[in-house]
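Trainee: Please take a close look with me at a single part of this model, and explain each term when it comes up.

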Amino acid sequence: MQQKYMQKCIELAKLGEGGTSPNPLVGCVITDEFDNVIATGYHKKYGENHAERDALLKINKGDGDTLYVNLEPCSHFGKTPPCTDIIIEKDIKHVVVGMLDPNPSVSGIDKLKAAGIDVTVGVLEDECKKLNEVFIKNIKEKKTFVAIKTATTLDGKIATSSGSSKWITGEKAREEVHRIRRRYDAIMTSSTTVIADNPKMEHKKKIILDRELKTDLKSQIYKQGEIYVFNEKEDDLEGNINFIKTPVKDGKISLEFVFEKLYELGIMSVLIECGGKLNGKALKYADKIYHFLAPKITGDNSAKSCFDYKKITKISECTNYKIDSVEFFDPDILLTYYPIDKNT
């Protein structure tokens, strides 16, 4: 029963994707003494009620017996009052928690136990950690979570040698890309992609790496959103476009500087969508890769590859990854994988 309701918490939490950053994704389920669900809630938007408060405000004192939540309840004042206080006020008897908060200053469990509430911790813990992988990195490492999205043929090509790439994947896969984008604070691309494809990349925040400021500000990508252009020439603000002067190493924008700056700007997660060269350079920093595979083979050695950044002579020199999931978006599949050294 605990796992069933914790899974429900995770499903509720996902409803807040794209709205809670820099806060975590949290869902809550409350049951009565007979294990019947009497209220649910989730954190909908940063600054609004946390999941526990959202659910507890729907019941009267003494109605709830057990509260399920995927993340340890907060015990401090922020944008909203402590969740532990209202849990105690509503006379909840038992709290079931998926995972502890990675912030060591949070002591919600201790406060609940001190109030005489029975607490269980660690139900579906791995699933709860995956749900809030962005939040965990932000808190533990003080860094932006970096993901890469690519779409390729079976032989790893993102475009023909002439640059033709529309469309490698089908409509269902492209719809899933839009859902993935919503999970991230910003999307990032390169000047090469902007010039070659003139993409819209609809998102509230967009990052463009344009070392020499070659892109046309009338391009579709500049028409909406809060935009940051990392370049080697100037710091400036022009309408919705923020130009950020950036160090250059070996003729390339310093990605280390870019990701450090994004964190300073409050951008807690970024999804990279670009060509093989930037994808390859970004692998060093990537926490997660979304790789769509279309059942097509180009058979063209000159076609463009999705990760084009180094030459090796031995297979042992490959960078290794762990495949986390395989999903079907007919006729394509989505492989989601993580660098092994970030998971061991």
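Mentor: A residue is called buried under 20% relative accessible area, exposed over 50% and partly exposed in between (1.4 Å probe, protein chains only). This is a predicted model, in which local features need pLDDT of at least 70 and side-chain atom pairs count only at pLDDT 80 or more, while totals for chains, interfaces and linings use all residues. Residues are numbered from 1 along each chain as its sequence is written, and side-chain values use heavy atoms, without hydrogens and water.

In helix α6, residues 133–141, the buried residues are Glu 133, Phe 135, Ile 136, Lys 137, Asn 138 and Ile 139 (helices, H or I, have at least four residues and strands, E, at least two, as DSSP runs numbered from the N terminus). Just after α6 comes Lys 142, whose phi is positive, at about 55 degrees.

Now to the part I would look at closely, an open sheet in which five strands follow the order β2-β1-β3-β4-β5 with mixed pairing (two strands pair if DSSP finds at least two bridges between them). Because β2 (37–42) and β5 (118–121) stand at the edges with a single partner strand each, one side of each has no neighbour in the sheet. On average, and with direction ignored, neighbouring strands of this sheet are turned by 15 degrees against each other. Within the sheet, β3 (residues 66–71) and β4 (residues 94–99) run parallel and are joined by five bridges, and Val 69 has Val 97 in β4 as its bridge partner. Helix α1, residues 2–14, lies across β1 (27–31), β2, β3, β4 and β5 (contact means heavy atoms within 4.5 Å), and α1 runs at about 140 degrees to β1 (axes are lines fitted to C-alpha atoms, for helices over the stretch in contact, with angles from 0 to 180 degrees between N-to-C directions).
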